[in-house]
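Opening the notebook on a new model. I'll go helix by sheet by loop and jot down what I looked up.

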Amino acid sequence: MARTALPGRLTWRVARLIEARDETPTARTLVLDVPGWPGHLAGQHVDVRLTADDGYTAQRSYSIAAPADGDRVELTVQRVPDGEVSPYLTEVFSKGDPVEMRGPVGGWFVWRPADTAPVLLVAGGSGIVPLMAMVRARRAAGSRVPFRLIYSVRTPSDVYYADELRRRARDDGGLDVTYAYTRAVPEGWREPPRRLGVAAVNTAGWPPDLEPACFVCGPTGFVEAVADILVALGHDPRRVRTERFGPTAGPAESPTASTAESPEANPASAAKRPTASPTEGPTAEPAPGPKEARP
Ligand SMILES: Cc1cc2nc3c(=O)[nH]c(=O)nc-3n(C[C@H](O)[C@H](O)[C@H](O)COP(=O)(O)OP(=O)(O)OC[C@H]3O[C@@H](n4cnc5c(N)ncnc54)[C@H](O)[C@@H]3O)c2cc1C
């Protein structure tokens with residue numbers, strides 16, 4: 001297929017790392033410069049592709065962590081032990097290094113500053129990333145739409161964006177943040193660690209009759225459990241939008257959209273040698289970008 005026939009979001013671009021910061025001991029925010037970036041909406045994600053010298057490629061999806069800002073795209077990557085791609089991005093990828101990127105992807109799991117319904121965000125672990133983009137987009141647009149964020153993490157040291165969330169909950173009128181700790185709680189916390197349940201979602205969320213837009217993101221099991229809770233509490237399933245980060249049981253549901261064009265190759269080698277030159281031909285059809293996004 002000729003490159004000119006590809007819409008912008010299907011084109012692989014070369015992105016370069018311009019800044020990186022640790023969010024937790026195992027998660028790192030990457031700020032990339034992506035010349036020609038077409039812009040994006042809060043909630044969308046990108047595909048990132050690494051290519052080894054032997055041509056083996058590994059491709060993963062990563063949510064965009066911040067609203068559109070020219071050619072800058074910000075991601076936050078959680079290191080998955082023994083993973084093919086995330087250890088490279090969190091431990092090896094350095095300032096000036098290239099990686100291939102295409103997007104933005106996804107037109108349903110998005111929040112627009114023009115939306116007026118109250119918003120409930122429910123994050124499990126790294127699922128906070130696209131929801132943080134929504135919190136930041138609200139602030140950037142000066143929106144007064146009331147937001148409630150329920151953020152489930154294992155321990156206090158696993159909280160991403162901790163200082164910024166504290167500041168925004170204090171200064172951004174109409175933003176409430178509630179934490180749920182599943183393995184260890186901060187000192188003086190009033191409850192033992194526990195998984196998010198009906199009572200917590202009911203207390204920290206919005207009543208269904210306010211017709212909030214609900215966004216749930218995290219590991220597959222977490223997302224399914226929270227979506228069930230919201231529906232059981234009376235939320236209209238059409239207003240519950242979900243994004244699953246994986247992992248899942250089988251390839252048919254693979255959350256990672258991996259592309260193993262040379263399955264016998266050593267997967268880890270792909271992560272060590274990303275190419276600087278994008279090639280053509282997307283292997284999956286991304287959902288609509290900002291202009292074509294569903295209403
Ligand atoms: C739409 C979308 C957006 C995403 N956004 C983000 C994001 O913003 N930040 C982020 O860190 N990740 C995100 N992910 C997950 C990401 O795409 C990768 O799945 C993740 O980085 C692991 O890739 P890997 O190559 O390191 O591990 P792999 O080599 O794919 O997997 C290694 C092992 O880890 C398990 N595993 C794979 N993925 C996960 C996971 N997410 N959690 C726990 N175990 C896992 C596998 O089952 C396997 O056993 C997103 C996924 C999707 C579908």
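**Entry 1: a helix to start with.** I pulled up α2 and listed its buried residues: I128, V129, P130, L131, M132, A133, M134, V135, R136, A137 and R138. I note for myself that this is a predicted model. The tally for α2 is 11 buried out of 14 residues, so the helix is largely enclosed by the rest of the structure.

I also checked the length of α2. At 1.5 Å a residue, its 14 residues should span 20 Å, and the end C-alpha atoms do sit 20 Å apart, so the two agree. Right after α2 comes G142, with a positive phi near 65°.

**Entry 2: the whole chain.** I stepped back for the totals. I count 6 helices and 11 strands in the chain. Of its 295 residues, 42% are buried. I then looked at contacts with a separation of 6 or more: residues 24 or more positions apart account for 76% of them.

**Entry 3: the sheet under the helix.** Which strands does α2 touch? I first wrote down the sheet: 5 strands, open, in the order β9-β8-β7-β10-β11, with parallel pairing. At the edges stand β9 (175-181) and β11 (240-244); each has a single partner strand, so one side of each is left without a neighbour in the sheet. On average, neighbouring strands here are turned by 15° against each other, direction ignored.

Then I zoomed in on one pair. β7 (residues 119-124) and β10 (residues 213-218) pair in the parallel sense, over 5 bridges. In that pairing, L121 has F215 in β10 as its bridge partner. Back to my question: helix α2 (residues 128-141) packs on this sheet and touches β7, β8 (147-153), β9, β10 and β11. The direction of α2 makes about 155° with that of β8.

**Entry 4: the nonpolar core.** Which residues have the most contacts inside the largest nonpolar core? I got L121, L131, M134, F215 and V226, in a core of 67 residues. The element giving the most to this core is α2, with 8 residues. Domain 1 (3-107 + 248-278) and domain 2 (119-244) both contribute residues, so the core lies between them.

I followed L121 a bit further. Skipping its neighbours within four places in sequence, L121 is in contact with L131, M134, F147, L149 and F215. L131 and M134 are on my list of buried α2 residues, and F215 is the bridge partner I had already noted for L121.

**Entry 5: the other sheet.** I moved on to the second sheet I wanted to see. Here 6 strands form an open sheet in the order β4-β3-β6-β1-β2-β5, and the pairing is antiparallel. Its edges are β4 (57-63) and β5; each has a single partner strand, so one side of each is left without a neighbour in the sheet. Neighbouring strands are turned by 40° against each other on average, direction ignored.

Is edge strand β5 enclosed or open to the outside? I found 5 of the 7 residues of β5 (residues 72-78) buried, so β5 is largely enclosed by the rest of the structure. β5 pairs with β2 (residues 27-33) in the antiparallel sense over 7 bridges. Within that pair, R28 stands opposite V77 in β5.

I looked at another pair too. β3 (residues 45-51) and β6 (residues 98-105) run antiparallel and are joined by 4 bridges. R49 has E100 in β6 as its bridge partner.

**Entry 6: backbone oddities.** I scanned the backbone torsions next. There is a cis peptide bond between G103 and P104, with omega about 5°, and P104 is placed in strand β6.

Two residues other than glycine caught my eye for phi. D82 has a positive phi near 65° and sits in the loop between β5 and α1 (86-92). Y161 has a positive phi of about 55° and sits in the loop between β8 and α3 (162-171).

Buried or exposed: which applies to D82, and which to Y161? D82 has 9 C-beta neighbours inside 10 Å, so I put it down as exposed. Y161 has 21 C-beta neighbours inside 10 Å, so that one goes down as buried.

Methods
Residues numbered from 1 in each chain as written. Predicted model: local features only at pLDDT ≥ 70, side-chain atom pairs only at ≥ 80, totals over all residues. Pairing = 2+ DSSP bridges. Axes fitted to C-alpha atoms, helices over the stretch in contact; angles between N-to-C directions. Contact = placed C-beta atoms within 7 Å. Core = buried A, V, L, I, M, F, W, Y, C linked by C-beta atoms within 7 Å. Buried ≥ 20, exposed ≤ 12 C-beta atoms within 10 Å, placed from the backbone. Domains from an automatic or database assignment. Expected span 1.5 Å × (residues − 1).
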